[in-house]
Amino acid sequence: GLLSVLSETSAALGKTRGFVGGSAAALYSKDTIRKSGKLYYEDGDINRRYRQLYIEKYAKLDPFTTGHFFAEIEQPIATADVMPYEEFLATRFYREWARPQRLVDNVSAVLDKSSTSAALFTIFRHERDGLVDDETRHRMRLIVPHLRRAVLIGKVIDLKTAEAAAFADTLDGISAGMFLVDARGRIVHANASGHALLAEGSLLRRAGGKLAANDPSAEQALHDVFLA
């Protein structure tokens with residue numbers, strides 16, 4: 001079942017890394033709204049400190065995100081496909097994140113994507129591995145369809161869930177109180193400011209799971225809005 005698929009996916013990363021060539025491999029997702037990343041599986045020499053730094057800081061500076069988001073599914077993408085290599089060497093991402101780990105290149109493939117997220121498989125190239133070449137790309141093309149199939153069957157990465165979470169975070173970033181309600185006024189979702197308004201209780205309140213106003217005239221206006 002699912003556990004078997006997940007186990008096979010984890011074990012497959014090591015074999016895939018050895019076949020394609022690289023110091024580490026990762027199966028992860030990127031969120032274009034929150035400019036963040038989430039790691040699901042990894043194999044090889046991935047420094048824990050730099051992994052955390054990527055999630056907390058360098059995901060926002062990752063020069064590959066736009067290229068990954070617009071790439072075709074299963075097509076290998078290396079640094080040279082996104083930008084001239086000399087420009088990459090001048091980025092903060094390389095100088096502060098990749099160079100200290102002696103990483104010189106990477107080859108990635110998009111496994112699945114939604115309107116705001118992309119699921120990726122990436123193999124990182126150490127100095128001893130050299131830059132991505134035609135043979136590296138060829139091997140990546142051979143292996144990625146099989147890995148993608150395992151990931152999708154096992155539902156290892158649920159981009160719809162990630163997209164919903166990104167949507168909720170976006171609403172929470174709005175300073176005004178916002179509520180999603182149905183025709184009966186039942187609160188489906190409230191952003192952080194909306195929850196604060198309900199907690200304060202001076203203007204709005206929750207009554208039996210529904211959005212209600214303390215003032216009678218405002219309550220009627222709310223009712224009319226719900227019906228509309």
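Strand β3, residues 77-78, is joined to β4 by two bridges, and the two strands run antiparallel. Keep in mind that this is a predicted model. From here we'll follow β4 to its other partner, then look at the cores and at two residues with unusual backbone angles.

**β4 and its partners**
- Start with the β3 side: alanine 78 sits opposite valine 107 of β4.
- On the β5 side, nine bridges tie β4 to β5, and this pair is antiparallel too.
- One of the pairings to look for is asparagine 106, whose bridge partner in β5 is phenylalanine 124.
- How many residues lie between β4 and β5 in their hairpin? There are three residues between the two strands.
- β4 is largely enclosed by the rest of the structure, because nine of its eleven residues are buried.
- A handy rule while you look at strands: in a regular one, side chains alternate between the two faces of the sheet.

**The largest nonpolar core**
- This core has 21 residues, and the members touching the most others are Tyr54, Phe88, Phe93, Trp97 and Phe124.
- Which elements each supply at least two residues of the core? They are β1 (24-31), α2 (48-56), α6 (92-98), β4 (103-113) and β5 (117-126).
- The largest share, four residues, comes from α6.
- Zoom in on tryptophan 97: setting aside neighbours within four places in sequence, it is in contact with Tyr50, Leu53, Tyr54, Tyr58, Arg92, Leu103 and Phe124.
- Phe124 is worth a second look, since you've now met it as the bridge partner of asparagine 106 and as a contact of tryptophan 97.

**A second core**
- Apart from the largest core there is another one, made of 16 residues.
- Its members include Ala109, Val132, Met140 and Leu147.

**Two residues with positive phi**
- Some background first: most residues other than glycine have a negative phi.
- Glutamate 74 isn't a glycine, yet its phi is positive, near 75°.
- You'll find glutamate 74 in the loop between α3 (65-70) and β3.
- Is glutamate 74 buried or partly exposed? Its relative accessible area is 22%, so glutamate 74 is partly exposed, given that buried means under 20%.
- Arginine 102 also has a positive phi, about 65°, without being a glycine.
- Where is arginine 102? Look in the loop between α6 and β4.
- Arginine 102 has 46% relative accessibility, so it counts as partly exposed; exposed would take over 50%.

Notes: Residues are numbered from 1 along each chain as its sequence is written. This is a predicted model: local features need pLDDT of at least 70, side-chain atom pairs count only at pLDDT 80 or more; totals for chains, interfaces and linings use all residues. Side-chain values use heavy atoms; hydrogens and water are left out. A nonpolar core is a set of buried Ala, Val, Leu, Ile, Met, Phe, Trp, Tyr and Cys residues joined through side-chain atoms within 4.5 Å. Buried means under 20% relative accessible area, exposed over 50%, partly exposed in between (1.4 Å probe, protein chains only). Contact means heavy atoms within 4.5 Å. Two strands pair if DSSP finds at least two bridges between them.
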